[in-house]
Amino acid sequence: MSRRYRKSRRDPGLFEIATTSDCKVSAAMAAVCVLAATVIIPAMFGSSRMLSGLVLAFVPLAWLMAVLFGSISVTRFFQQRPRPIRPRGRANSMNKYASGEMPQEGVNLSFEGR
């Protein structure tokens, strides 16, 4: 029997959410991973001798996820930042005179003789 749902209808994963959302979403995910690595995981598993081995496995994994989400956040921030508009063409030809370049032929910029 064929599958009932296509793959495109599945729920998006955490990395897909982080890469397609605003940079603040992935920054919040990175902050949660840092909190989990420093406080939550050691508090949950550190008190038991049997489960303390899991701390050694889960804390580096949480730090790795924090670094990944943080890097996604930084790249999304630079992608979403507005870029400065640079004027082009002849509409802004006075910039040549302001920069100190030589004027075009036939253009008299002196104020003598008026």
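**Note on a predicted four-helix chain**

1. Apart from its neighbours within four places in sequence, Cys23 is in contact (heavy atoms within 4.5 Å) with Ser73, Arg76, Phe77 and Gln80. Cys23 is found in helix α2. The C-alpha atoms of Cys23 and Phe77 are 5.4 Å apart in space, although the two residues are 54 residues apart in sequence. Cys23 counts as buried because its relative accessibility is 11%; the classes are buried under 20% relative accessible area, exposed over 50% and partly exposed in between, with a 1.4 Å probe and protein chains only.

2. Basis of the values. This is a predicted model, in which local features need pLDDT of at least 70 and side-chain atom pairs count only at pLDDT 80 or more, while totals for chains, interfaces and linings use all residues. Residues are numbered from 1 along each chain as its sequence is written, and side-chain values use heavy atoms, with hydrogens and water left out.

3. Overall architecture. The secondary structure consists of four helices and zero strands, and the pattern along the sequence is α-α-α-α. Helices (H or I, at least four residues) and strands (E, at least two) are DSSP runs, numbered from the N terminus. Among the contacts in the chain with a separation of 6 or more, 57% join residues 24 or more positions apart.

4. Burial and surface. Of the 114 residues in the chain, 16% are buried. The chain exposes about 10,000 Å², and carbon and sulfur atoms supply 61% of that area. Accessible areas come from the Shrake-Rupley method with a 1.4 Å probe; for residues, only the protein chains shown count as cover.

5. Surroundings of Ser26. The place of Ser26 is in helix α2, which covers residues 23-45. Ser26 is classed as buried because its relative accessible area is 0%. A polar atom of the Ser26 side chain lies 3.1 Å from the backbone oxygen of Cys23. The backbone nitrogen of Ser73 is 3.4 Å from a polar atom of the same Ser26 side chain. The term polar contact denotes a pair of N or O atoms within 3.5 Å; within protein, one must be able to donate a hydrogen and the other to accept it, and residues adjacent in sequence count only if both atoms are side-chain atoms. Not counting residues up to four places away in sequence, Ser26 touches Ala18, Phe69, Ile72 and Ser73.

6. Further pairs between helices α2 and α3. Ala62 lies in helix α3 and is buried, with a relative accessible area of 9%. Its contacts, leaving aside neighbours within four places in sequence, are Cys33, Ala37 and Ile41. Between Ala62 and Ala37, 25 residues apart along the chain, the C-alpha separation is 5.3 Å. Ala31 is found in helix α2 and is partly exposed, at a relative accessible area of 46%. The C-alpha atoms of Ala31 and Ala66 are separated by 7.0 Å, with their positions 35 residues apart along the chain.

7. Cysteines. How many disulfides does a search of the whole structure find? The search finds zero, where a disulfide is a pair of cysteine sulfur atoms within 2.5 Å. Cys33, at 11% relative accessibility, counts as buried.

8. Nonpolar surface patch. Phe15, Met50, Leu51, Leu54, Phe58, Leu61, Leu64 and Leu68 make a nonpolar surface patch of about 740 Å². Patches are made of residues with over 30% relative accessible area and no salt bridge; like charges are joined within 9 Å, and nonpolar side chains (Val, Leu, Ile, Met, Phe, Trp, Tyr) within 5 Å. A salt bridge is a side-chain nitrogen of Lys or Arg within 4 Å of a carboxyl oxygen of Asp or Glu. The largest share of the patch, five residues, comes from helix α3, residues 52-80.

9. Two patch members in detail. Leu54 is placed in helix α3 and counts as partly exposed because its relative accessibility is 32%. Leu68 also has its place in helix α3, and at 37% relative accessibility Leu68 counts as partly exposed. The C-alpha atoms of Leu68 and Ser26 are 9.2 Å apart in space, and the two residues are 42 residues apart in sequence.
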